[in-house]
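Hi,

Here is the structure I promised to pass on. Have a look at it first, and then read on for what turned up.

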Amino acid sequence: MMTALLILHGLLAVALLGAVTHQALAATIKRGELRTRSFFARFRATDAAAYSNAVAVLFVAVVAMGAVLYPRYRFVVRPMLQTMDLRGANGAFEIKEHFSAIGLLMLPAYWASWRQPLATQYDVARVSLTWIIMFIVWWNFVVGQVLVAIKGLFP
């Protein structure tokens with residue numbers, strides 16, 4: 001059962017990773033900067049605001065699924081990391097926990113900044129919040145994947 005939950009957690013995380021990365025990059029490139037039909041012009045043609053609800057819902061879902069899996073980490077994985085003297089891995093997961101909490105606290109501001117109609121005075125806040133959320137998601141994803149594979153990396 002825990003393996004299935006871990007796989008679901010990973011799949012939701014991949015969906016979140018794709019949505020927030022696409023949104024952050026699309027929101028950063030200005031529409032007038034690219035006049036050709038290049039890859040980046042087509043990339044920017046997407047509506048970055050359309051991702052806000054999906055990012056918010058997926059972020060909450062991934063964190064909630066992580067909370068369900070957390071006792072298993074605390075009682076099985078963390079003692080193994082301590083026994084193997086992998087303080088860096090354990091510390092990275094501690095940072096992951098803190099980033100998740102910070103992201104949850106930032107989520108209402110992020111979501112409100114993307115509400116329609118988009119107010120131009122919030123452009124900088126909107127892009128900044130999106131990039132911060134994206135950084136949190138990438139950090140959490142990479143750390144989570146390393147911790148899932150750590151037994152294979154350090155036999």
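One term before the rest: two residues are in contact when they have heavy atoms within 4.5 Å of each other. Please also keep in mind that this is a predicted model.

**Overall layout**

The protein chain has five helices and zero strands, so its pattern along the sequence, going by how helices and strands are assigned, reads α-α-α-α-α. Of its 155 residues, 36% are buried. If you take the contacts between residues at least 6 apart in sequence, 75% of them join residues at least 24 apart.

**Around S52 and Q23**

S52 is a good place to start. This residue sits in helix α3 and touches Q23, Y110, W111 and W114, leaving out residues up to four places away in sequence. Is S52 buried or exposed? Its relative accessibility is 2%, and because buried means under 20%, S52 counts as buried. A polar atom of the S52 side chain lies 3.0 Å from the backbone oxygen of A49.

Q23, one of the residues that S52 touches, belongs to helix α1. With a relative accessible area of 0%, Q23 is buried. Its side chain has a polar atom 2.9 Å from the backbone oxygen of A48. Beyond its neighbours within four places in sequence, Q23 is in contact with A48, Y51, S52, V55, Y110, W114 and T130. Q23 and V127 are also worth finding on the model: they are 104 residues apart in sequence, while their C-alpha atoms are 9.1 Å apart in space.

**The start of α5**

Helix α5 covers residues 123-153, and R126 lies in it. You might want to check R126 yourself: it is a charged residue, and it counts as buried because its relative accessibility is 4%. What does the side chain of R126 reach? It comes to 3.0 Å from the backbone oxygen of A119. Setting aside neighbours within four places in sequence, R126 is in contact with S113, W114, L118, A119 and T120.

D123 is in α5 as well, but this residue counts as partly exposed, at 32% relative accessibility. D123 and S113 are ten residues apart in sequence and 8.2 Å apart in space, C-alpha to C-alpha.

**Nonpolar cores**

In soluble globular proteins, nonpolar side chains tend to be buried together. Here, the largest nonpolar core has 25 residues, and those touching the most other members are L16, V55, F59, Y110, I133 and V137. Two or more residues of this core come from each of α1 (2-28), α3 (52-83), α4 (87-113) and α5. The largest share, eight residues, is from α1.

I133 shows how this looks from a single position: apart from neighbours within four places in sequence, I133 is in contact with V20, V55, F59, G103, M106, L107 and Y110. Another core lies apart from the largest one; it has ten residues, among them Y73, M80, L86 and L147.

**The largest pocket**

The largest pocket has a volume of about 970 Å³. Its lining is made of 33 residues, and L6, H9, L69, F93 and K96 lie nearest its centre. The elements giving two or more residues to this lining are α1, α3, α4 and α5. Which of them gives the most? That is α3, with twelve residues. By type, the lining divides into 21 nonpolar, eight polar and four charged residues.

**Two backbone details**

Most residues other than glycine have a negative phi, and most peptide bonds are trans. Two spots are worth a look with that in mind. The peptide bond from Q116 to P117 is cis, with omega near -10°, and P117 is in the loop between α4 and α5. D85, in the loop between α3 and α4, has a positive phi, near 55°, and is not a glycine. D85 counts as partly exposed, at 47% relative accessibility.

Happy browsing, and do write back with any questions.

Best wishes

Technical notes: Residues are numbered from 1 along each chain as its sequence is written. This is a predicted model: local features need pLDDT of at least 70, side-chain atom pairs count only at pLDDT 80 or more; totals for chains, interfaces and linings use all residues. Side-chain values use heavy atoms; hydrogens and water are left out. Helices (H or I, at least four residues) and strands (E, at least two) are DSSP runs, numbered from the N terminus. Buried means under 20% relative accessible area, exposed over 50%, partly exposed in between (1.4 Å probe, protein chains only). A polar contact is a pair of N or O atoms within 3.5 Å; within protein, one must be able to donate a hydrogen and the other to accept it, and residues adjacent in sequence count only if both atoms are side-chain atoms. A nonpolar core is a set of buried Ala, Val, Leu, Ile, Met, Phe, Trp, Tyr and Cys residues joined through side-chain atoms within 4.5 Å. On a 1 Å grid over the protein atoms alone, a cavity is a set of points where a 1.4 Å probe fits but cannot get out, and a pocket is an open set with protein on both sides within 12 Å along at least five of seven lines; lining residues have an atom within 4 Å of a point. Grid points are joined across faces, edges and corners, and a volume is the space filled by probe spheres set on the points.
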